[in-house]
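This report goes through one protein chain, from its overall make-up to a few selected residues. Please keep the sequence and the structure in view while reading.

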Amino acid sequence: SGFDISGQTEEQPIAAIEKLEVELGPSGLVTIRVKRVRGARAYLHQFTTEPPNSETVWTSEGSTNPNFTFRGLKSAVKYWFRIVALGVDGQTVYSPVDFRVIQ
């Protein structure tokens with residue numbers, strides 16, 4: 001018919017995450033956020049209590065929003081945070097890792 005197929009789009013690589021913001025709230029609350037990532041379908045908001053390396057086990061919470069608030073974190077404990085943006089066909093982009101000592 002000469003018309004393009006409706007809904008067919010060219011797949012583009014997911015954009016990089018430049019900066020992770022970590023905001024301490026009241027005792028046990030931490031909000032982490034990144035700017036919305038072009039091409040991301042979902043985000044994994046992650047933390048760990050051990051210094052990150054290739055074998056670190058991360059605790060994850062999934063969301064379609066680029067920000068998330070963790071609740072019930074232990075006071076006087078050092079936590080490392082990151083966000084993973086998930087795109088189509090298994091594309092993943094990691095934010096920089098940042099840490100805070102919880103109040």
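## Surface and overall make-up

The accessible surface of the protein chain comes to about 6900 Å². Carbon and sulfur atoms account for 48% of that surface. These values come from a predicted model. The protein chain has 103 residues, and 33% of them count as buried.

The secondary structure consists of 0 helices and 8 strands. Read along the sequence, the pattern is therefore a run of strands, β-β-β-β-β-β-β-β. Contacts can also be sorted by how far apart the residues are in sequence. Among contacts between residues at least 6 apart, 57% join residues at least 24 apart.

## A sheet of three strands

One open sheet holds 3 strands in the order 1-2-5, and the pairing is antiparallel. Strand 1 and strand 5 (67-70) stand at the edges of this sheet. Each of these two has a single partner strand, so one side of each is left without a neighbour in the sheet. From one strand to the next, the twist averages 15 degrees. Strands of a sheet pair through backbone hydrogen bonds, and the pairing is either parallel or antiparallel.

Strand 1 and strand 2 run antiparallel and are joined by 4 bridges. The two strands form a hairpin, with 5 residues between them. Gly28 lies in the turn and has a positive phi of about 85 degrees. Across this pairing, Glu21 stands opposite Arg33 in strand 2.

Strand 2 also pairs with strand 5 in the antiparallel sense, over 4 bridges. Two positions show how these strands line up. Val30 stands opposite Phe70 in strand 5, and the bridge partner of Thr31 in strand 5 is Thr69.

## Salt bridges

Side chains of opposite charge can pair when their charged atoms come close. How many salt bridges does the count come to? The count comes to 3 salt bridges.

Glu21 forms a salt bridge with Arg33, and the closest N and O atoms are 4.0 Å apart. This pair links distant parts of the chain, with Glu21 in strand 1 (residues 21-24) and Arg33 in strand 2 (residues 30-33), 12 residues apart. Glu23 forms a salt bridge with Arg33 as well, here with the closest N and O atoms 3.0 Å apart. Glu23 in strand 1 and Arg33 in strand 2 are 10 residues apart, and this pair too links distant parts of the chain. In the remaining case, the side chains of Arg100 and Asp98 meet in a salt bridge of 3.1 Å, N to O. Salt bridges that share partners join Glu21, Glu23 and Arg33 into one network.

Are the residues of these salt bridges buried or partly exposed? Glu21 has a relative accessible area of 37% and is partly exposed. Glu23 is partly exposed at 42%, and Arg33 is partly exposed at 25%. In the other pair, Arg100 has a relative accessible area of 25% and Asp98 has 22%. Arg100 counts as partly exposed because its value lies between the cut-offs of 20% and 50%. Asp98 is partly exposed because 22% also lies between these cut-offs.

## A buried histidine

His45 is located in strand 3 (residues 42-48). Is this residue buried or exposed? His45 has 0% relative accessibility, so this residue counts as buried; the cut-off for buried is under 20%.

Which residues does His45 touch, not counting residues up to four places away in sequence? The list includes Ile32, Thr59, Ser60, Glu61 and Ser63. Asn65, Pro66, Asn67, Phe68 and Phe70 are also among them, as are Arg82 and Ile83. With Asn65 there is a polar arrangement to look at: a polar atom of the His45 side chain lies 3.0 Å from the backbone oxygen of Asn65.

Key:
Residues are numbered from 1 along each chain as its sequence is written. This is a predicted model: local features need pLDDT of at least 70, side-chain atom pairs count only at pLDDT 80 or more; totals for chains, interfaces and linings use all residues. Side-chain values use heavy atoms; hydrogens and water are left out. Buried means under 20% relative accessible area, exposed over 50%, partly exposed in between (1.4 Å probe, protein chains only). Two strands pair if DSSP finds at least two bridges between them. Axes are lines fitted to C-alpha atoms, for helices over the stretch in contact, and angles run from 0 to 180 degrees between N-to-C directions. Contact means heavy atoms within 4.5 Å. Accessible areas come from the Shrake-Rupley method with a 1.4 Å probe; for residues, only the protein chains shown count as cover. A polar contact is a pair of N or O atoms within 3.5 Å; within protein, one must be able to donate a hydrogen and the other to accept it, and residues adjacent in sequence count only if both atoms are side-chain atoms.
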